[in-house]
Amino acid sequence: MVTLLVFTLAITAPGYHASCVLLAALLIGQIFEMLRFVSKTNTELVRFLAAARNADFSQRFQLSKQGSGFDELGETFTEILDKLQLARTGQEEQLRHIKAVVEHVPVPLISIKANGQLTLWNNSARRLFGAHAITRVNDLIRFDSDFPQILTSMIAGERRLLDVTIDDMEHRLSIVASEIATGGEREILLSMQDIQSELDSAQLQAWQDLVRVLTHEIMNSITPVASLAKTAVDLATDVKDKVQPGSSDNREVPAEEIVEEIDDVLSAVQTVARRSEGLMHFVSSYRKLTRLPEPKKSHIKVSTLFSQVQQLATRGWPEKGIELSTNTRPGELDLMLDVDMAEQMLINLLQNAEQALAGIKNPQVSLSAFLNARGHVVIEVSDNGPGVADDLDDKVFVPFFTTKKEGSGVGLALSRQIMIAHGGHVAMRTNNCGGATFSLTF
(Lines give C-alpha, C1' and ligand atoms only; values in the text may rest on other atoms or scores of the structure.)
Protein backbone atom coordinates (compact mmCIF):
# COMPACT_ATOMS: atom_id res chain seq x y z
CA MET A 1 0.00 0.00 0.00
CA VAL A 2 2.88 2.42 0.78
CA THR A 3 4.57 1.62 -2.56
CA LEU A 4 1.28 2.18 -4.36
CA LEU A 5 0.86 5.57 -2.59
CA VAL A 6 4.40 6.73 -3.47
CA PHE A 7 3.97 5.47 -7.03
CA THR A 8 0.79 7.53 -7.33
CA LEU A 9 2.56 10.67 -6.04
CA ALA A 10 5.49 10.11 -8.44
CA ILE A 11 3.15 9.87 -11.40
CA THR A 12 1.36 13.08 -10.51
CA ALA A 13 4.59 14.99 -9.88
CA PRO A 14 6.60 16.13 -12.98
CA GLY A 15 10.11 14.93 -13.62
CA TYR A 16 9.97 11.59 -11.73
CA HIS A 17 9.90 9.28 -14.75
CA ALA A 18 12.78 7.06 -13.65
CA SER A 19 11.34 6.84 -10.16
CA CYS A 20 7.97 5.83 -11.59
CA VAL A 21 9.59 3.00 -13.54
CA LEU A 22 11.44 1.75 -10.46
CA LEU A 23 8.37 2.07 -8.26
CA ALA A 24 6.27 0.22 -10.87
CA ALA A 25 8.79 -2.63 -10.96
CA LEU A 26 8.85 -2.73 -7.18
CA LEU A 27 5.06 -2.74 -7.02
CA ILE A 28 4.82 -5.65 -9.47
CA GLY A 29 7.37 -7.63 -7.46
CA GLN A 30 5.49 -7.01 -4.22
CA ILE A 31 2.18 -8.09 -5.77
CA PHE A 32 3.83 -11.28 -7.04
CA GLU A 33 5.29 -12.05 -3.60
CA MET A 34 1.92 -11.42 -1.98
CA LEU A 35 0.21 -13.84 -4.37
CA ARG A 36 2.93 -16.43 -3.73
CA PHE A 37 2.47 -16.01 0.01
CA VAL A 38 -1.28 -16.52 -0.23
CA SER A 39 -0.71 -19.53 -2.51
CA LYS A 40 1.61 -21.12 0.07
CA THR A 41 -0.98 -20.69 2.76
CA ASN A 42 -3.71 -22.21 0.60
CA THR A 43 -1.45 -25.07 -0.43
CA GLU A 44 -0.61 -26.01 3.14
CA LEU A 45 -4.26 -25.68 4.15
CA VAL A 46 -5.33 -27.93 1.28
CA ARG A 47 -2.61 -30.46 2.23
CA PHE A 48 -3.84 -30.47 5.83
CA LEU A 49 -7.49 -30.93 4.89
CA ALA A 50 -6.61 -33.68 2.39
CA ALA A 51 -4.58 -35.49 5.07
CA ALA A 52 -7.48 -35.26 7.51
CA ARG A 53 -10.00 -36.41 4.90
CA ASN A 54 -7.89 -39.42 3.82
CA ALA A 55 -6.66 -40.26 7.35
CA ASP A 56 -3.07 -39.74 6.17
CA PHE A 57 -1.46 -39.12 9.52
CA SER A 58 2.07 -39.35 8.15
CA GLN A 59 1.95 -35.74 6.89
CA ARG A 60 4.11 -33.21 8.75
CA PHE A 61 4.03 -29.39 8.51
CA GLN A 62 7.48 -27.90 9.06
CA LEU A 63 6.69 -24.30 8.01
CA SER A 64 9.14 -22.31 10.11
CA LYS A 65 11.11 -21.30 6.98
CA GLN A 66 8.04 -20.08 5.15
CA GLY A 67 7.85 -16.81 6.93
CA SER A 68 6.21 -15.12 9.87
CA GLY A 69 3.27 -17.05 11.37
CA PHE A 70 3.89 -20.24 9.41
CA ASP A 71 5.65 -22.04 12.28
CA GLU A 72 2.58 -21.69 14.55
CA LEU A 73 0.34 -22.80 11.67
CA GLY A 74 2.48 -25.90 11.01
CA GLU A 75 2.54 -26.87 14.70
CA THR A 76 -1.24 -26.50 14.91
CA PHE A 77 -1.81 -28.64 11.82
CA THR A 78 0.55 -31.36 13.11
CA GLU A 79 -1.07 -31.35 16.55
CA ILE A 80 -4.55 -31.72 15.07
CA LEU A 81 -3.43 -34.67 12.92
CA ASP A 82 -1.79 -36.33 15.94
CA LYS A 83 -5.02 -36.07 17.90
CA LEU A 84 -7.03 -37.43 14.98
CA GLN A 85 -4.57 -40.29 14.67
CA LEU A 86 -4.86 -41.03 18.40
CA ALA A 87 -8.67 -41.08 18.21
CA ARG A 88 -8.57 -43.27 15.10
CA THR A 89 -6.15 -45.69 16.76
CA GLY A 90 -8.42 -45.93 19.81
CA GLN A 91 -11.43 -46.67 17.63
CA GLU A 92 -9.52 -49.34 15.71
CA GLU A 93 -8.35 -50.98 18.92
CA GLN A 94 -11.90 -50.98 20.27
CA LEU A 95 -13.18 -52.43 16.99
CA ARG A 96 -10.51 -55.16 17.03
CA HIS A 97 -11.44 -55.97 20.61
CA ILE A 98 -15.13 -56.26 19.72
CA LYS A 99 -14.32 -58.42 16.71
CA ALA A 100 -12.11 -60.68 18.82
CA VAL A 101 -14.90 -61.08 21.38
CA VAL A 102 -17.45 -61.88 18.66
CA GLU A 103 -15.07 -64.33 16.98
CA HIS A 104 -14.58 -66.25 20.24
CA VAL A 105 -18.26 -66.41 21.16
CA PRO A 106 -19.06 -70.17 21.15
CA VAL A 107 -22.54 -69.53 19.71
CA PRO A 108 -22.79 -69.14 15.90
CA LEU A 109 -23.91 -65.61 14.95
CA ILE A 110 -25.36 -64.71 11.55
CA SER A 111 -27.27 -61.75 10.16
CA ILE A 112 -29.73 -61.50 7.28
CA LYS A 113 -30.47 -58.25 5.46
CA ALA A 114 -33.71 -57.38 3.71
CA ASN A 115 -32.17 -58.20 0.31
CA GLY A 116 -31.33 -61.74 1.44
CA GLN A 117 -27.62 -61.14 2.04
CA LEU A 118 -26.31 -63.39 4.82
CA THR A 119 -23.20 -62.75 6.89
CA LEU A 120 -21.37 -65.23 9.12
CA TRP A 121 -19.98 -63.18 11.99
CA ASN A 122 -17.74 -65.56 13.91
CA ASN A 123 -15.73 -68.76 13.80
CA SER A 124 -18.54 -70.75 15.38
CA ALA A 125 -20.85 -69.86 12.48
CA ARG A 126 -18.20 -70.78 9.93
CA ARG A 127 -17.53 -74.09 11.69
CA LEU A 128 -21.26 -74.85 11.75
CA PHE A 129 -21.57 -74.60 7.97
CA GLY A 130 -18.12 -76.01 7.21
CA ALA A 131 -16.70 -75.55 3.74
CA HIS A 132 -20.05 -74.54 2.24
CA ALA A 133 -20.13 -71.05 0.72
CA ILE A 134 -22.96 -69.22 2.48
CA THR A 135 -23.53 -65.66 1.28
CA ARG A 136 -27.29 -65.61 0.63
CA VAL A 137 -30.10 -66.90 2.80
CA ASN A 138 -31.25 -69.17 -0.04
CA ASP A 139 -27.89 -70.99 0.17
CA LEU A 140 -29.31 -72.70 3.28
CA ILE A 141 -31.77 -74.71 1.18
CA ARG A 142 -29.10 -77.39 0.73
CA PHE A 143 -29.45 -78.26 4.42
CA ASP A 144 -33.22 -78.05 4.74
CA SER A 145 -35.81 -76.77 2.28
CA ASP A 146 -37.59 -74.83 5.05
CA PHE A 147 -34.42 -73.40 6.60
CA PRO A 148 -34.41 -70.00 4.78
CA GLN A 149 -38.14 -69.42 5.26
CA ILE A 150 -37.94 -70.18 8.97
CA LEU A 151 -35.04 -67.78 9.55
CA THR A 152 -36.47 -64.89 7.54
CA SER A 153 -39.89 -65.21 9.20
CA MET A 154 -38.53 -64.89 12.73
CA ILE A 155 -39.20 -61.65 14.62
CA ALA A 156 -37.18 -59.94 17.33
CA GLY A 157 -37.26 -61.88 20.62
CA GLU A 158 -38.56 -65.09 19.06
CA ARG A 159 -36.94 -68.44 19.91
CA ARG A 160 -37.18 -71.65 17.88
CA LEU A 161 -35.75 -75.16 17.83
CA LEU A 162 -34.67 -76.55 14.47
CA ASP A 163 -33.13 -79.88 13.48
CA VAL A 164 -30.76 -79.78 10.49
CA THR A 165 -28.16 -82.13 9.03
CA ILE A 166 -24.92 -80.56 7.80
CA ASP A 167 -22.22 -82.78 6.27
CA ASP A 168 -24.01 -85.87 7.62
CA MET A 169 -23.86 -84.48 11.15
CA GLU A 170 -27.08 -83.82 13.04
CA HIS A 171 -27.55 -80.49 14.80
CA ARG A 172 -30.38 -79.28 16.98
CA LEU A 173 -30.23 -75.51 16.88
CA SER A 174 -31.76 -73.19 19.44
CA ILE A 175 -32.27 -70.02 17.38
CA VAL A 176 -32.89 -66.62 18.97
CA ALA A 177 -33.66 -63.57 16.80
CA SER A 178 -33.05 -59.88 17.35
CA GLU A 179 -33.21 -56.88 15.03
CA ILE A 180 -30.58 -54.19 14.52
CA ALA A 181 -30.48 -51.05 12.36
CA THR A 182 -27.27 -49.59 10.92
CA GLY A 183 -27.18 -46.70 8.47
CA GLY A 184 -30.95 -46.74 8.14
CA GLU A 185 -30.89 -50.41 7.03
CA ARG A 186 -32.47 -53.10 9.20
CA GLU A 187 -31.23 -56.66 9.48
CA ILE A 188 -32.06 -59.75 11.55
CA LEU A 189 -29.34 -60.97 13.91
CA LEU A 190 -29.63 -64.68 14.77
CA SER A 191 -27.79 -66.71 17.39
CA MET A 192 -27.83 -70.43 16.57
CA GLN A 193 -26.72 -72.49 19.56
CA ASP A 194 -26.20 -76.18 18.86
CA ILE A 195 -27.70 -77.99 21.87
CA GLN A 196 -27.58 -81.51 20.41
CA SER A 197 -24.76 -82.73 22.65
CA GLU A 198 -26.32 -81.12 25.74
CA LEU A 199 -29.65 -82.77 24.96
CA ASP A 200 -27.97 -86.13 24.40
CA SER A 201 -26.15 -85.87 27.72
CA ALA A 202 -29.27 -84.74 29.58
CA GLN A 203 -31.37 -87.48 28.01
CA LEU A 204 -28.73 -90.08 28.79
CA GLN A 205 -28.48 -88.88 32.38
CA ALA A 206 -32.27 -89.08 32.71
CA TRP A 207 -32.29 -92.64 31.42
CA GLN A 208 -29.45 -93.59 33.74
CA ASP A 209 -31.26 -92.13 36.74
CA LEU A 210 -34.44 -93.97 35.77
CA VAL A 211 -32.66 -97.27 35.25
CA ARG A 212 -30.75 -96.86 38.51
CA VAL A 213 -33.97 -96.38 40.46
CA LEU A 214 -35.80 -99.17 38.65
CA THR A 215 -33.02 -101.70 39.07
CA HIS A 216 -32.62 -100.83 42.73
CA GLU A 217 -36.32 -101.24 43.49
CA ILE A 218 -36.76 -104.33 41.34
CA MET A 219 -33.70 -106.05 42.77
CA ASN A 220 -34.88 -105.28 46.32
CA SER A 221 -38.25 -106.82 45.53
CA ILE A 222 -37.16 -109.85 43.51
CA THR A 223 -34.20 -110.99 45.60
CA PRO A 224 -36.27 -112.32 48.54
CA VAL A 225 -38.78 -113.86 46.12
CA ALA A 226 -36.04 -115.75 44.35
CA SER A 227 -34.56 -116.87 47.65
CA LEU A 228 -37.91 -118.08 49.01
CA ALA A 229 -38.75 -119.82 45.77
CA LYS A 230 -35.48 -121.71 45.83
CA THR A 231 -36.06 -122.67 49.46
CA ALA A 232 -39.56 -123.90 48.62
CA VAL A 233 -38.18 -126.02 45.80
CA ASP A 234 -35.66 -127.60 48.17
CA LEU A 235 -38.35 -128.34 50.81
CA ALA A 236 -40.79 -129.76 48.30
CA THR A 237 -38.09 -131.98 46.85
CA ASP A 238 -37.23 -133.22 50.32
CA VAL A 239 -40.87 -134.03 51.16
CA LYS A 240 -41.32 -135.80 47.87
CA ASP A 241 -38.35 -138.01 48.57
CA LYS A 242 -39.77 -138.95 51.98
CA VAL A 243 -43.28 -139.91 50.84
CA GLN A 244 -42.36 -141.78 47.68
CA PRO A 245 -43.48 -145.46 47.60
CA GLY A 246 -41.09 -147.58 49.58
CA SER A 247 -40.01 -144.71 51.78
CA SER A 248 -39.79 -145.34 55.56
CA ASP A 249 -41.71 -142.09 56.18
CA ASN A 250 -44.78 -143.15 54.21
CA ARG A 251 -48.01 -142.11 55.95
CA GLU A 252 -51.58 -143.36 55.76
CA VAL A 253 -52.27 -141.02 52.83
CA PRO A 254 -51.60 -142.86 49.57
CA ALA A 255 -48.13 -142.06 48.43
CA GLU A 256 -49.23 -141.60 44.81
CA GLU A 257 -51.68 -138.87 45.82
CA ILE A 258 -49.12 -137.09 47.95
CA VAL A 259 -46.52 -137.29 45.20
CA GLU A 260 -48.98 -135.92 42.65
CA GLU A 261 -49.88 -132.97 44.88
CA ILE A 262 -46.27 -132.23 45.65
CA ASP A 263 -45.44 -132.43 41.94
CA ASP A 264 -47.98 -129.68 41.32
CA VAL A 265 -46.47 -127.56 44.06
CA LEU A 266 -42.99 -128.29 42.84
CA SER A 267 -43.89 -127.32 39.28
CA ALA A 268 -45.43 -124.04 40.39
CA VAL A 269 -42.53 -123.15 42.64
CA GLN A 270 -40.00 -124.06 39.97
CA THR A 271 -41.82 -121.73 37.59
CA VAL A 272 -41.61 -118.92 40.13
CA ALA A 273 -37.92 -119.60 40.70
CA ARG A 274 -37.20 -119.74 36.98
CA ARG A 275 -39.03 -116.49 36.27
CA SER A 276 -37.37 -114.83 39.25
CA GLU A 277 -33.94 -115.78 38.01
CA GLY A 278 -34.87 -114.62 34.51
CA LEU A 279 -36.06 -111.29 35.86
CA MET A 280 -32.89 -110.85 37.88
CA HIS A 281 -30.80 -111.54 34.78
CA PHE A 282 -33.03 -109.18 32.80
CA VAL A 283 -32.54 -106.38 35.32
CA SER A 284 -28.82 -107.02 35.66
CA SER A 285 -28.31 -106.46 31.93
CA TYR A 286 -29.66 -102.91 32.30
CA ARG A 287 -27.09 -102.07 34.93
CA LYS A 288 -24.60 -101.74 32.11
CA LEU A 289 -26.28 -98.46 31.18
CA THR A 290 -25.57 -96.91 34.58
CA ARG A 291 -22.11 -98.34 35.26
CA LEU A 292 -20.18 -97.33 32.16
CA PRO A 293 -16.68 -96.30 33.32
CA GLU A 294 -14.72 -93.36 32.00
CA PRO A 295 -13.06 -94.21 28.66
CA LYS A 296 -9.37 -95.12 28.88
CA LYS A 297 -8.28 -93.74 25.54
CA SER A 298 -5.28 -94.87 23.53
CA HIS A 299 -4.17 -94.63 19.90
CA ILE A 300 -5.06 -97.51 17.61
CA LYS A 301 -5.16 -97.92 13.85
CA VAL A 302 -8.69 -98.39 12.59
CA SER A 303 -7.56 -101.31 10.42
CA THR A 304 -6.22 -103.04 13.54
CA LEU A 305 -9.48 -102.41 15.38
CA PHE A 306 -11.42 -103.90 12.45
CA SER A 307 -9.20 -106.97 12.43
CA GLN A 308 -9.71 -107.58 16.17
CA VAL A 309 -13.48 -107.13 15.93
CA GLN A 310 -13.69 -109.39 12.90
CA GLN A 311 -12.01 -112.24 14.78
CA LEU A 312 -14.44 -111.88 17.69
CA ALA A 313 -17.76 -111.33 15.93
CA THR A 314 -17.70 -113.15 12.59
CA ARG A 315 -16.50 -116.66 13.32
CA GLY A 316 -19.76 -118.33 12.29
CA TRP A 317 -20.45 -116.10 9.31
CA PRO A 318 -18.89 -118.31 6.58
CA GLU A 319 -21.28 -121.16 7.49
CA LYS A 320 -24.22 -118.74 7.22
CA GLY A 321 -22.99 -117.37 3.90
CA ILE A 322 -22.54 -113.83 5.24
CA GLU A 323 -19.88 -111.89 3.38
CA LEU A 324 -17.99 -109.14 5.25
CA SER A 325 -16.09 -106.39 3.45
CA THR A 326 -13.87 -103.85 5.21
CA ASN A 327 -12.52 -100.57 3.89
CA THR A 328 -10.39 -97.88 5.54
CA ARG A 329 -9.60 -94.58 3.84
CA PRO A 330 -6.78 -93.69 4.28
CA GLY A 331 -5.16 -96.95 5.26
CA GLU A 332 -3.19 -95.39 8.13
CA LEU A 333 -6.28 -93.83 9.71
CA ASP A 334 -6.12 -93.97 13.51
CA LEU A 335 -8.27 -93.03 16.48
CA MET A 336 -7.88 -92.02 20.12
CA LEU A 337 -10.47 -94.13 21.97
CA ASP A 338 -11.15 -96.81 24.57
CA VAL A 339 -10.38 -99.97 22.60
CA ASP A 340 -12.47 -102.29 24.80
CA MET A 341 -15.53 -100.06 24.55
CA ALA A 342 -15.09 -99.63 20.80
CA GLU A 343 -14.79 -103.39 20.29
CA GLN A 344 -17.94 -104.03 22.33
CA MET A 345 -19.82 -101.37 20.37
CA LEU A 346 -18.79 -102.74 16.96
CA ILE A 347 -19.51 -106.31 18.04
CA ASN A 348 -23.05 -105.26 19.02
CA LEU A 349 -23.58 -103.59 15.65
CA LEU A 350 -22.20 -106.58 13.74
CA GLN A 351 -24.42 -108.96 15.72
CA ASN A 352 -27.43 -106.78 14.94
CA ALA A 353 -26.50 -106.91 11.26
CA GLU A 354 -26.14 -110.71 11.44
CA GLN A 355 -29.60 -111.05 12.99
CA ALA A 356 -31.11 -108.69 10.42
CA LEU A 357 -29.75 -110.85 7.56
CA ALA A 358 -31.56 -114.00 8.64
CA GLY A 359 -33.34 -115.42 5.58
CA ILE A 360 -31.75 -112.87 3.19
CA LYS A 361 -30.23 -114.13 -0.06
CA ASN A 362 -26.61 -113.16 -0.60
CA PRO A 363 -26.25 -111.48 2.84
CA GLN A 364 -23.54 -108.83 2.95
CA VAL A 365 -22.11 -106.60 5.68
CA SER A 366 -19.78 -103.66 5.14
CA LEU A 367 -17.44 -102.23 7.78
CA SER A 368 -15.81 -98.99 6.64
CA ALA A 369 -13.97 -95.97 8.05
CA PHE A 370 -13.20 -92.61 6.47
CA LEU A 371 -12.82 -88.87 7.12
CA ASN A 372 -15.94 -86.79 6.54
CA ALA A 373 -16.04 -83.25 5.14
CA ARG A 374 -15.30 -81.83 8.61
CA GLY A 375 -12.23 -84.01 9.14
CA HIS A 376 -13.97 -86.26 11.68
CA VAL A 377 -13.38 -90.02 11.67
CA VAL A 378 -16.54 -91.93 10.75
CA ILE A 379 -17.03 -95.70 11.14
CA GLU A 380 -20.01 -97.22 9.35
CA VAL A 381 -21.62 -100.66 9.65
CA SER A 382 -23.96 -101.43 6.74
CA ASP A 383 -26.02 -104.46 5.74
CA ASN A 384 -28.36 -105.38 2.90
CA GLY A 385 -31.14 -106.63 5.16
CA PRO A 386 -34.73 -105.36 5.38
CA GLY A 387 -33.71 -102.12 7.12
CA VAL A 388 -35.58 -100.31 9.88
CA ALA A 389 -39.13 -99.05 9.55
CA ASP A 390 -39.43 -95.26 9.18
CA ASP A 391 -41.56 -94.93 12.31
CA LEU A 392 -38.83 -96.61 14.38
CA ASP A 393 -35.93 -94.34 13.37
CA ASP A 394 -36.19 -92.25 16.54
CA LYS A 395 -36.69 -95.22 18.85
CA VAL A 396 -33.85 -97.61 18.09
CA PHE A 397 -31.45 -95.84 20.50
CA VAL A 398 -33.99 -95.57 23.33
CA PRO A 399 -33.07 -97.84 26.27
CA PHE A 400 -35.27 -100.97 26.61
CA PHE A 401 -36.78 -100.56 23.13
CA THR A 402 -36.36 -103.61 20.90
CA THR A 403 -38.13 -105.33 18.03
CA LYS A 404 -36.59 -108.73 18.83
CA LYS A 405 -38.46 -111.34 20.81
CA GLU A 406 -35.41 -112.10 22.94
CA GLY A 407 -33.79 -108.67 22.78
CA SER A 408 -33.09 -106.55 25.84
CA GLY A 409 -32.97 -103.14 24.14
CA VAL A 410 -29.58 -102.39 25.68
CA GLY A 411 -27.11 -102.82 22.79
CA LEU A 412 -27.80 -99.69 20.75
CA ALA A 413 -28.48 -97.59 23.85
CA LEU A 414 -25.10 -98.69 25.22
CA SER A 415 -23.45 -97.85 21.88
CA ARG A 416 -24.97 -94.38 22.03
CA GLN A 417 -23.70 -93.92 25.58
CA ILE A 418 -20.19 -95.00 24.57
CA MET A 419 -20.15 -92.52 21.67
CA ILE A 420 -21.32 -89.68 23.93
CA ALA A 421 -18.52 -90.59 26.36
CA HIS A 422 -16.08 -90.23 23.44
CA GLY A 423 -17.51 -86.83 22.44
CA GLY A 424 -19.14 -88.20 19.29
CA HIS A 425 -22.52 -89.46 18.22
CA VAL A 426 -24.17 -92.44 16.54
CA ALA A 427 -26.84 -92.23 13.84
CA MET A 428 -28.88 -94.65 11.75
CA ARG A 429 -30.16 -94.31 8.21
CA THR A 430 -31.89 -96.59 5.75
CA ASN A 431 -29.93 -97.34 2.59
CA ASN A 432 -31.40 -96.55 -0.81
CA CYS A 433 -30.83 -100.13 -1.95
CA GLY A 434 -32.18 -101.65 1.27
CA GLY A 435 -30.68 -102.39 4.61
CA ALA A 436 -29.50 -100.09 7.37
CA THR A 437 -26.30 -98.15 8.05
CA PHE A 438 -25.11 -97.19 11.53
CA SER A 439 -22.62 -94.32 11.56
CA LEU A 440 -20.23 -93.66 14.45
CA THR A 441 -18.82 -90.12 14.17
CA PHE A 442 -15.88 -89.36 16.48
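Which residue stands opposite Leu189 in strand 5? Keep that in mind as you click around, and remember that you're looking at a predicted model.

**Stop one: strands 1 and 5.** Select residues 109-113 for strand 1 and residues 185-194 for strand 5. The two run antiparallel, with 5 bridges joining them. Now pick out Leu189 in strand 5, and you'll find Ser111 opposite.

**Stop two: strands 4 and 5.** Leave strand 5 on screen and add residues 169-182, which make up strand 4. This pairing is antiparallel too, running over 10 bridges. For one of its partners, highlight Ile175: the matching residue in strand 5 is Met192. Next, zoom in on the link between these strands. They form a hairpin with 2 residues in between. Click on Gly183 in that turn, which has a positive phi of about 60°.

**Stop three: helices 8 and 10.** Time to switch to helices, so select residues 302-313 (helix 8) and residues 339-356 (helix 10). Their axes come within 10 Å and cross at roughly 50°. Because oblique covers angles between 35 and 65 degrees, helix 8 is oblique to helix 10. The crossing is right-handed.

Show side chains to see who does the touching. From helix 8, take Leu305, Phe306, Gln308, Val309, Leu312 and Ala313. From helix 10, take Val339, Ala342, Glu343, Leu346, Ile347, Leu350 and Glu354. Colour this contact by residue type and you'll get 10 nonpolar, 1 polar and 2 charged.

Note on methods: Residues numbered from 1 in each chain as written. Predicted model: local features only at pLDDT ≥ 70, side-chain atom pairs only at ≥ 80, totals over all residues. Heavy atoms only, no water. Axes fitted to C-alpha atoms, helices over the stretch in contact; angles between N-to-C directions. Helix = DSSP H or I, 4+ residues; strand = E, 2+ residues; numbered from the N terminus. Parallel < 35°, antiparallel > 145°, perpendicular 65-115°, else oblique. Left-handed = near helix turned anticlockwise from the far one by under 90°. Contact = heavy atoms within 4.5 Å. Nonpolar A, V, L, I, M, F, W, Y, C, P; charged D, E, K, R; others polar. Pairing = 2+ DSSP bridges.
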